[in-house]
Amino acid sequence: MQVMHFGSYDDEPATIEKMKKFADQNGVEPDYSDKRRHHEIYLSDPRRTKVENLKTVIRIPVK
């Protein structure tokens with residue numbers, strides 16, 4: 001499962017909580033293991049982008 005997060009990195013935990021609620025409501029659950037982990041893909045350069053315009057793809061493995 002993945003989502004595009006817009007804004008500060010400090011606000012990512014709230015986005016992750018929304019993802020967990022979505023998963024619960026749709027019958028899937030996180031599937032973490034040594035090989036399957038939460039990860040983030042940073043699409044913006046924080047040195048050149050305003051905080052409110054930062055883009056991050058957040059991925060959580062599910063089953």
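**Exercise 1. Arg 36 and its partner**

Work out whether Arg 36 is buried, partly exposed or exposed, and find which residue it forms a salt bridge with.

Solution. Keep in mind that this is a predicted model. Start with the cut-offs: buried means under 20% relative accessible area and exposed means over 50%, with partly exposed in between. Arg 36 has a relative accessible area of 36%, so it goes down as partly exposed. Now look for the partner: Asp 31 forms a salt bridge with Arg 36, and the closest N and O atoms are 3.1 Å apart.

**Exercise 2. More salt bridges**

Say how many salt bridges the structure holds, then describe the one between Lys 63 and Glu 29 and the network around Asp 45.

Solution. First, the general idea: side chains of opposite charge can pair when their charged atoms come close. The count here is 5 salt bridges.

Next, take Lys 63 and Glu 29, whose side chains meet at 3.9 Å, N to O. This pair links distant parts of the chain, 34 residues apart: Lys 63 sits in the segment after E3, while Glu 29 is in the loop between H1 and E2. With a relative accessible area of 56%, Lys 63 is exposed, whereas Glu 29 is at 45% and counts as partly exposed.

Then move to Asp 45, which meets Arg 47 in a salt bridge of 3.0 Å, N to O. Arg 47 counts as exposed at 75% relative accessibility, but Asp 45 is partly exposed at 21%. Finally, bring in Arg 48: salt bridges that share partners join Asp 45, Arg 47 and Arg 48 into one network.

**Exercise 3. Putting the sheet together**

List the elements of the chain in order, then work out which strands stand at the edges of the sheet.

Solution. Count first: the chain has 1 helix and 3 strands. Reading from the N terminus, you get β-α-β-β. In the open sheet, though, the strand order is E1-E3-E2, with antiparallel pairing. E1 and E2 each have a single partner strand, so these two stand at the edges, and one side of each is left without a neighbour in the sheet. Neighbouring strands are turned by 25° against each other on average, ignoring direction.

Zoom in on E2 and E3 (residues 55–59): 4 bridges join this antiparallel pair. Across the pairing, His 39 stands opposite Arg 59 in E3.

**Exercise 4. Two tyrosines**

Decide how the rings of Tyr 9 and Tyr 42 are arranged.

Solution. Two values describe an aromatic pair: the distance of the centres and the angle of the planes. The structure holds 1 such pair. Its ring centres, in Tyr 9 and Tyr 42, are 5.2 Å apart and the planes meet at 75°, so the pair is edge-to-face. Along the chain, these residues are 33 apart, with Tyr 9 in the loop between strand E1 (2–6) and helix H1 (12–25), and Tyr 42 in strand E2. Tyr 9 is partly exposed at 30%, and Tyr 42 is partly exposed at 47%.

**Exercise 5. A nonpolar patch**

Name the residues that form the nonpolar patch on the surface, and give their accessible area together.

Solution. Collect the members: Met 4, Phe 6, Ile 41 and Leu 43. Together they have about 360 Å² of accessible area. Place one of them: Ile 41 is found in strand E2 (residues 39–42). At a relative accessible area of 30%, Ile 41 is partly exposed.

Note on methods:
Residues are numbered from 1 along each chain as its sequence is written. This is a predicted model: local features need pLDDT of at least 70, side-chain atom pairs count only at pLDDT 80 or more; totals for chains, interfaces and linings use all residues. Side-chain values use heavy atoms; hydrogens and water are left out. Patches are made of residues with over 30% relative accessible area and no salt bridge: like charges are joined within 9 Å, nonpolar side chains (Val, Leu, Ile, Met, Phe, Trp, Tyr) within 5 Å. Accessible areas come from the Shrake-Rupley method with a 1.4 Å probe; for residues, only the protein chains shown count as cover. A salt bridge is a side-chain nitrogen of Lys or Arg within 4 Å of a carboxyl oxygen of Asp or Glu. Buried means under 20% relative accessible area, exposed over 50%, partly exposed in between (1.4 Å probe, protein chains only). Rings of Phe, Tyr and Trp (its six-membered ring) pair if their centres lie within 6.5 Å; planes under 30 degrees apart count as stacked, over 60 as edge-to-face and the rest as tilted. Two strands pair if DSSP finds at least two bridges between them. Axes are lines fitted to C-alpha atoms, for helices over the stretch in contact, and angles run from 0 to 180 degrees between N-to-C directions.
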